[in-house]
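Please look over the structure shown below before reading on. The report that follows takes up charged pairs, nonpolar packing, sheet and helices in turn.

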Amino acid sequence: MTLTILGIESSCDDTATAVLRGSGDAPVILSNTVRSQTDLHAAYGGVVPEIAARAHAETLDLMVEHALEQADVMLPEIDAIAVTAGPGLIGGVLSGVMAAKGLAMGLGKPLIGVNHLAGHALTPRLTDGVAFPYLLLLVSGGHCQFLRVDGPEAFTRLGGTIDDAPGEAFDKVARLLGLPQPGGPSVEEAALYGNPSRFKLPRPLLDRPGCDLSFSGLKTAVLRARDDMVATQGGMSEQDRSDLCASFQMAVADVLAEKSRRALADAQVTAFAVAGGVAANKTLRAKLEAVTDLPFIAPPLALCTDNAAMIAYVGMLAFEAGRTDDMSLRARPRWPLDVDAAPMIGSGKKGAKA
């Protein structure tokens with residue numbers, strides 16, 4: 001059965017829409033459009049939820065129109081509307097859900113609520129058709145967890161962060177060092193010119209068994225290194241900043257690589273995949289690829305960060321399985337993939353981890 005699915009994603013600070021056509025086994029991305037809000041939040045050093053929600057509400061209709069034009073598809077040709085229903089910043093998620101409900105009601109088309117994390121988790125299937133089961137490292141601004149993916153709705157969490165997610169740590173380190181947001185690309189660029197061995201930063205939780213992670217203490221170590229330089233030499237040079245970024249980035253990569261080895265030893269899978277915004281970091285990708293002889297899947301950079309193609313794909317799989325939602329679909333700020341796993345301890349910028 002050939003389906004045409006419209007996807008909508010608005011869980012954080014990118015407004016994204018996409019159109020997919022085909023089947024779950026052979027999807028084709030006809031369009032995948034993203035409008036960034038980076039400029040709107042630049043003056044605040046991070047994402048302001050109220051500003052993000054308002055921007056989503058103001059642009060979602062235009063972005064839907066853009067995706068349809070790029071795909072050369074008319075609204076009546078859409079078979080279903082898939083939308084991120086959580087987790088994420090509640091105002092943004094609600095904006096997308098309400099837009100999707102309006103379209104579904106107006107067109108008389110099915111509505112499908114999608115878990116944003118499932119979109120990332122199933123991206124390796126969308127891009128590479130990787131066979132189940134595979135191990136996924138989902139590493140993004142608000143989440144970090146190891147998942148054994150056994151099917152479109154079958155996820156087992158093997159470990160995750162107990163405090164800051166890596167993307168959150170990158171953002172905080174960028175602010176500490178006076179680099180622009182978003183922090184991930186800024187720290188990675190500065191690290192290109194730095195010495196990753198200069199600062200002896202900790203590798204948290206490597207002395208403990210298991211696959212759980214922690215990045216809050218690493219961020220604090222960067223703060224102390226910065227303050228030590230300010231106290232002893234009156235400030236930081238550009239080389240100091242680059243060296244500290246490189247040392248921080250390598251510490252994150254070392255921790256994720258070792259924890260990945262442990263997860264792979266327990267998971268009994270056919271492949272190792274990485275997804276989420278932090279997966280765009282080239283140093284991190286290289287470290288992770290070296291931990292196993294299994295096939296390593298890292299989606300194209302445009303499909304690592306938040307996008308609506310992954311949402312449309314999960315919606316396509318759900319529609320094929322006969323699952324749709326009605327107008328009672330609600331926006332959810334928390335929505336764990338592994339419903340049987342105990343909640344992760346810690347706060348982070350999005351509250352208790354899924």
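Glu238 counts as exposed because its relative accessibility is 58%, where exposed means over 50% relative accessible area, buried under 20% and partly exposed in between, computed with a 1.4 Å probe on protein chains only. This is a predicted model, in which local features need pLDDT of at least 70 and side-chain atom pairs count only at pLDDT 80 or more, while totals for chains, interfaces and linings use all residues. Residues are numbered from 1 along each chain as its sequence is written, and side-chain values use heavy atoms, with hydrogens and water left out.

**Charged pairs**

Glu238 forms a salt bridge with Arg241, the closest N and O atoms being 2.8 Å apart; a salt bridge here is a side-chain nitrogen of Lys or Arg within 4 Å of a carboxyl oxygen of Asp or Glu. Both residues belong to helix 8, where Glu238 and Arg241 are 3 residues apart, about one turn of the helix; helices (H or I, at least four residues) and strands (E, at least two) are DSSP runs numbered from the N terminus. In contrast to exposed Glu238, Arg241 is buried, with a relative accessible area of 15%. Salt bridges that share partners also join Asp164, Glu168, Lys172 and Lys219 into one network.

The structure holds 15 salt bridges, including the three in this table.

| Salt bridge | Closest N to O distance |
|---|---|
| Glu238 and Arg241 | 2.8 Å |
| Asp150 and Arg148 | 2.9 Å |
| Asp164 and Lys219 | 3.7 Å |

The Asp164 and Lys219 pair links distant parts of the chain, since Asp164 sits in the loop between strand 8 (154-160) and helix 5 while Lys219 sits in helix 7, 55 residues apart. Asp164 and Lys219 are both buried, whereas Asp150 counts as partly exposed at 32% relative accessibility.

**Nonpolar packing**

In soluble globular proteins, nonpolar side chains tend to be buried together. In this model the largest nonpolar core has 47 residues, and those with the most contacts inside it are Leu137, Val139, Phe248 and Leu256; such a core is a set of buried Ala, Val, Leu, Ile, Met, Phe, Trp, Tyr and Cys residues joined through side-chain atoms within 4.5 Å. Two or more residues of this core are given by each of strand 6, strand 7, helix 5 (166-176), helix 6 (183-191), helix 7 (216-233), helix 8 (238-267), strand 9 (272-275) and helix 9 (282-289). The largest share, 13 residues, comes from helix 8.

Not counting residues up to four places away in sequence, Leu137 touches partners that include Phe146, Leu256, Phe272, Val274 and Leu288, contact meaning heavy atoms within 4.5 Å. A second, separate core of 37 residues includes Leu3, Ala118, Val314 and Leu337.

Helix 5 is mostly covered, with 8 of its 11 residues buried, among them Glu168, Phe170 and Val173. The buried residues of helix 5 pack against strand 6, strand 7, helix 6, helix 7 and helix 8. Just after helix 5, Gly178 takes a positive phi of about 75 degrees.

His143 lies in the loop between strand 6 (134-139) and strand 7 (144-151), and counts as buried because its relative accessibility is 10%. The C-alpha atoms of His143 and Gly160 are separated by 8.1 Å, with the two residues 17 apart along the chain.

**The open sheet and its helices**

An open sheet is formed by 5 strands in the order 3-2-1-4-5, with mixed pairing; two strands pair if DSSP finds at least two bridges between them. Its edge strands, each pairing on one side only, are strand 3 (26-36) and strand 5 (111-115). From one strand to the next, the twist averages 20 degrees. Strand 4 (residues 80-86) and strand 5 run parallel and are joined by 5 bridges, and Ala82 stands opposite Ile112 in strand 5.

Helix 2 (residues 49-71) lies across strand 1 (3-9), strand 2 (14-23) and strand 3, running at about 140 degrees to strand 3; axes are lines fitted to C-alpha atoms, for helices over the stretch in contact, and angles run from 0 to 180 degrees between N-to-C directions. Helix 4 (residues 116-128) lies across strand 1, strand 2, strand 3, strand 4 and strand 5, at about 90 degrees to strand 5.
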